[in-house]
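Trainee: Could you take me through one part of this model up close, starting with the pocket lining and working outwards from there? I'd like one connected story rather than a list.

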Amino acid sequence: LAAGRAFIRGESYADAAQDLALANGYDNNGTTNTVTVNKPPASGVYAGNNEYIQVIIVSRYQTGFARVVGINQMTNTVEAVARVIPSKKVNLFDGSAVVGLSPHDCKAITYQGNANTTITGTGIYVNSDCAQSAFFNNSSAAKLTAPSMCSVGGITYEPSAINIPGNKLATGCEQYTYPSDEYVMPLPECTTNAVKSGNTMSPGLYSSNQAFPPNGVTVLQPGIYCVDANFTINGGDTLSGSNVVIYMMDGDVTWNGGATINLSAPTTGPFKGLLLYSPYENAATVKINGSSTSSFQGTFLAPSSAIQVNGSGNNTGIDGQIIGYTVDLSGTSDTKINFDASKNYEATTPPFLELTK
């Protein structure tokens with residue numbers, strides 16, 4: 001276990017094991033005792049598996065009464081094996097472009113619109129175990145095109161409404177726990193207040209009974225915006241911002257049709273690829289509408305929210321990932337969602353350590 005902890009921390013696992021053995025009287029002198037540290041194990045059922053660390057201690061000691069029967073020395077061998085998996089950065093939920101996290105709701109992801117939705121890069125993941133219709137569609141007025149769909153529960157749809165290869169339309173997929181314990185959720189911070197200057201706003205905390213952004217703001221400067229208010233963009237409004245993170249501490253997100261919105265997530269740093277984040281504690285609604293001149297780049301992470309994608313425009317659309325409690329793709333204008341792993345948020349997985357043997 002000492003070796004495993006050291007490995008997780010990026011320290012020498014061999015030194016950690018040797019140091020603890022020394023503290024317990026085994027100095028690896030080669031005569032009275034030897035301490036051997038193997039990663040991967042050199043023997044046993046975990047031999048060659050690099051997720052495991054093996055420590056073997058062999059001790060030799062002179063006998064007392066056993067010498068009467070000719071036994072002058074005894075050898076004792078003990079072994080312990082620990083499994084250790086360090087933290088790593090990964091795309092959320094295997095990098096699915098659209099994710100509905102509800103564990104039990106029917107219609108956890110819905111496609112009902114009269115406009116086409118095209119998903120590229122990766123497919124759809126439905127976490128619900130609703131046997132009849134975890135994914136639901138009963139209208140063939142438009143078509144949903146995607147490379148794949150993986151659902152824990154059942155899939156109900158009109159055949160003419162779904163353009164997904166048959167061998168990529170799967171049920172009985174593995175379910176994630178909810179809330180998920182597979183990832184460390186982001187922790188954006190704002191140490192100053194957001195400030196409006198003309199039509200521009202600087203990053204920081206925005207807490208108000210007035211919607212974000214304030215009237216007249218059309219440009220968000222790069223940085224983190226901690227929003228304790230509704231985020232509302234009305235038809236005819238314009239808003240742009242590059243290298244921004246919108247952290248919805250509280251409040252709904254409503255981006256109405258007819259608005260021109262161009263927002264992109266940071267391309268470097270700890271929040272690379274994270275465009276909009278609403279934590280588990282905020283179960284507010286997220287409504288995304290765009291125009292033909294709108295574009296969104298980055299991950300929409302709102303694990304407790306009902307997300308409605310009512311159209312993303314006919315050009316760039318959403319170059320990102322949509323993760324909600326439920327997701328409704330019932331738009332009235334064409335929607336394009338493209339997932340590129342390099343442009344989306346990578347979360348940290350928690351380290352794992354256990355004594356195996």
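Mentor: Sure. Sorted by class, the lining of the largest pocket comes out as nine nonpolar, eight polar and three charged residues. Keep in mind that this is a predicted model. The volume of this largest pocket is about 390 Å³. It has 20 lining residues, and F93, D94, Y125, Y176 and Y183 are the ones closest to the pocket's centre. As for where the lining comes from, strand 4 (89-91), strand 8 and strand 11 (149-151) are the elements that give two or more residues.

Strand 8 is a handy place to step off. The loop between strand 8 (124-126) and strand 9 (135-136) holds S133. Is S133 buried or exposed? With a relative accessibility of 7%, S133 counts as buried, because the cut-off for buried is under 20%. If you skip the neighbours within four places in sequence, the contacts of S133 are C106, K107, G154 and T156.

Now put the second largest pocket beside that. About 300 Å³ of space lies in there. Its lining has 15 residues, with L1, A2, A17, L20 and V55 nearest the centre. By class you get 13 nonpolar, two polar and no charged residues. Helix 1 (2-8), helix 2, strand 2 and strand 3 each put at least two residues into that lining.

Two of those strands take you into a sheet. Strands 2 and 3 belong to an open, four-stranded sheet, ordered 1-2-3-31 and paired antiparallel. Strand 1 (33-38) and strand 31 (352-355) are at the edges with a single partner strand each, so each has one side without a neighbour in the sheet. From one strand to the next, the twist averages 15°. Helix 2 (residues 13-23) packs on this sheet and touches strand 1 and strand 2 (52-62), with its direction at about 150° to that of strand 1. Over at the strand 31 edge, four bridges tie strand 31 to strand 3 (residues 73-85), the two running antiparallel. One pair to find on screen is V84 with its bridge partner L353 in strand 31.

For a contrast in strand direction, look at strand 25 (residues 274-277). Strand 25 pairs in the parallel sense with strand 22 (residues 244-250) over two bridges, where I246 stands opposite L276. Strand 25 also runs parallel to strand 27 (residues 295-309), joined by three bridges, and there L274 stands opposite T299. While you're tracing these, remember that side chains in a regular strand alternate between the two faces of the sheet.

Methods
Residues numbered from 1 in each chain as written. Predicted model: local features only at pLDDT ≥ 70, side-chain atom pairs only at ≥ 80, totals over all residues. Heavy atoms only, no water. Buried < 20%, exposed > 50% of the residue type's maximum accessible area, 1.4 Å probe, protein only. Contact = heavy atoms within 4.5 Å. Pairing = 2+ DSSP bridges. Axes fitted to C-alpha atoms, helices over the stretch in contact; angles between N-to-C directions. 1 Å grid on protein atoms, 1.4 Å probe; cavity = no way out; pocket = protein on both sides within 12 Å on 5 of 7 lines; lining within 4 Å. Points joined across faces, edges and corners; volume = space filled by probe spheres on them. Nonpolar A, V, L, I, M, F, W, Y, C, P; charged D, E, K, R; others polar.
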